[in-house]
Amino acid sequence: MRCDGKRLKMPPYSQLVPYIETRRCDSQNNVKLELDIDPITEYIALLREERPEAPQVSYMTLIIAGYVRALRKYPQINRFIRGKKFYQRKDITVSFVILKSRESDGSYEETVLKLKLDPNATLFDICEQVNKAVEDNRGVTHENITDKLLTWVLRAGPLVSLLVGALRAMDYFGILPKAVVDGSPFHTGLFITNLMSIRANYVYHHLYEFGTNSLFASMGNCVKRLEMRDGQVVEKRYMPLGVTVDERICSGFEFICFFREFESYMRKPKRLETLD
């Protein structure tokens, strides 16, 4: 068995909420963040020009790095609820989908990666880890731990529903085997999808009832907006980030403080190169 979180003692009001809002889909709040894309784009371009030897930085790796760094100050966001009890997650984990191949007939192959990240990691540490994981999983024939777990479940054939039901019950009581927790992309702090990479708009993605995920972020197509700056009309570009959170894990004030901290790193991404 694996205990992936430390049990928390919460105030009476917080303890009662999971008995009223029993599911994550009952407790979802949607937050739209609009990230000024210019500082991010300029930083990435300058980095490639001045430090070509550095690991390749992308919009998504910057967002992941900003998330990890903001958690250092506001670890409450890394909580989850299981069996109506509150837990502080022991690790920082991020899940995301990658495209393994795309065929001319429109078919495609994809997989889900879950990475455990060091809370003291710099931007370049995270980029190196993410880039390596993506590269290692590009091959169509490659099966990571998540692929193997899902294949094992599907082998139950007509008993898949029964097996999934048993896993859900074990998840509720926190007695899932370590191999299942390690392989499950749903037992993660952040699940992120990059819809911007396929030129699609952001969405407010639901939180899964199975697992422990309390925060889902969706990157969308950039939008242009005319704004008045220093007496002149200028065109600005923003990346919308649709974020779905489980409102039960902490107060609204703590969520706001976390998002402000995260946005401060997006305005000055160079800060992520070193620990503050």
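# Exercises on contacts, crossings and exposure

Arg225 has a relative accessible area of 30%, which makes Arg225 partly exposed. The terms work like this: buried is under 20% relative accessible area, exposed is over 50%, and partly exposed is in between, with a 1.4 Å probe and protein chains only. The model is predicted, so local features need pLDDT of at least 70 and side-chain atom pairs count only at pLDDT 80 or more, while totals for chains, interfaces and linings use all residues. Residues are numbered from 1 along each chain as its sequence is written, and side-chain values use heavy atoms, leaving out hydrogens and water.

**Exercise 1. Find the salt-bridge partner of Arg225, and place both residues in the chain.**

Step 1: Start with the rule. A salt bridge needs a side-chain nitrogen of Lys or Arg within 4 Å of a carboxyl oxygen of Asp or Glu. The background is simple: side chains of opposite charge can pair when their charged atoms come close.

Step 2: Apply the rule to Arg225. The partner is Glu34, with the closest N and O atoms 2.7 Å apart.

Step 3: Place the two ends. Glu34 is in strand 2 (residues 28-36) and Arg225 is in strand 9, so this pair links distant parts of the chain, 191 residues apart. Strands here are DSSP runs of E with at least two residues, helices are runs of H or I with at least four, and both are numbered from the N terminus.

Step 4: Check the exposure of the partner. Glu34 has a relative accessible area of 30% and is partly exposed.

Step 5: Widen the view. Glu34 and Arg225 belong to a network of salt bridges that also takes in Lys32, Glu227 and Arg229. The count of salt bridges comes to 16.

**Exercise 2. How far apart in helix 4 are Asp136 and Lys132, and are these residues buried, partly exposed or exposed?**

Step 1: Confirm the contact. Asp136 and Lys132 meet in a salt bridge at 2.8 Å, N to O.

Step 2: Look at the spacing. The two residues are 4 apart in helix 4, and therefore about one helical turn separates them.

Step 3: Classify each end. Asp136 is partly exposed because its relative accessibility is 39%, whereas Lys132, at 53%, counts as exposed.

Step 4: Try the pair Glu273 and Lys270. Their closest N and O atoms are 3.4 Å apart, and they form a salt bridge. Glu273 counts as buried at 13% relative accessibility, while Lys270 is exposed at 54%.

**Exercise 3. Describe how helix 3 crosses helix 4 and helix 8.**

Step 1: Take helix 3 (residues 59-73) with helix 4 (residues 123-136). Their axes come within 9 Å and cross at roughly 125°. That angle is why helix 3 is oblique to helix 4. An axis is a line fitted to C-alpha atoms, for helices over the stretch in contact, and angles run from 0 to 180 degrees between N-to-C directions.

Step 2: Read the angle class. Under 35 degrees is roughly parallel, over 145 roughly antiparallel, 65 to 115 roughly perpendicular, and the rest oblique.

Step 3: Add the handedness. Helix 3 passes helix 4 in a right-handed crossing, meaning that the near helix is turned clockwise from the far one by less than a right angle; anticlockwise would be left-handed.

Step 4: Turn to helix 8 (residues 252-267). The axes of helix 3 and helix 8 come within 9 Å and cross at roughly 135°, which makes helix 3 oblique to helix 8. The crossing of helix 3 and helix 8 is right-handed.

**Exercise 4. What is the approximate phi of Arg199 and of Asp230, and which loops hold these residues?**

Step 1: Arg199 is not a glycine, yet its phi is positive, about 60°. Arg199 sits in the loop between strand 7 and strand 8 (215-219) and counts as exposed at 74% relative accessibility.

Step 2: Asp230, also not a glycine, has a positive phi of about 55°. Its loop joins strand 9 (223-229) and strand 10 (232-246), and with a relative accessible area of 83% Asp230 is exposed.

Step 3: Compare sequence and space for Asp230 and Leu176. They are 54 residues apart in sequence and 58 Å apart in space, C-alpha to C-alpha.

**Exercise 5. Is Ser184 buried or exposed, and where does the residue lie?**

Step 1: Locate Ser184 in the loop between helix 7 (178-183) and strand 7 (190-194).

Step 2: Classify the residue. Ser184 is buried because its relative accessible area is 1%.
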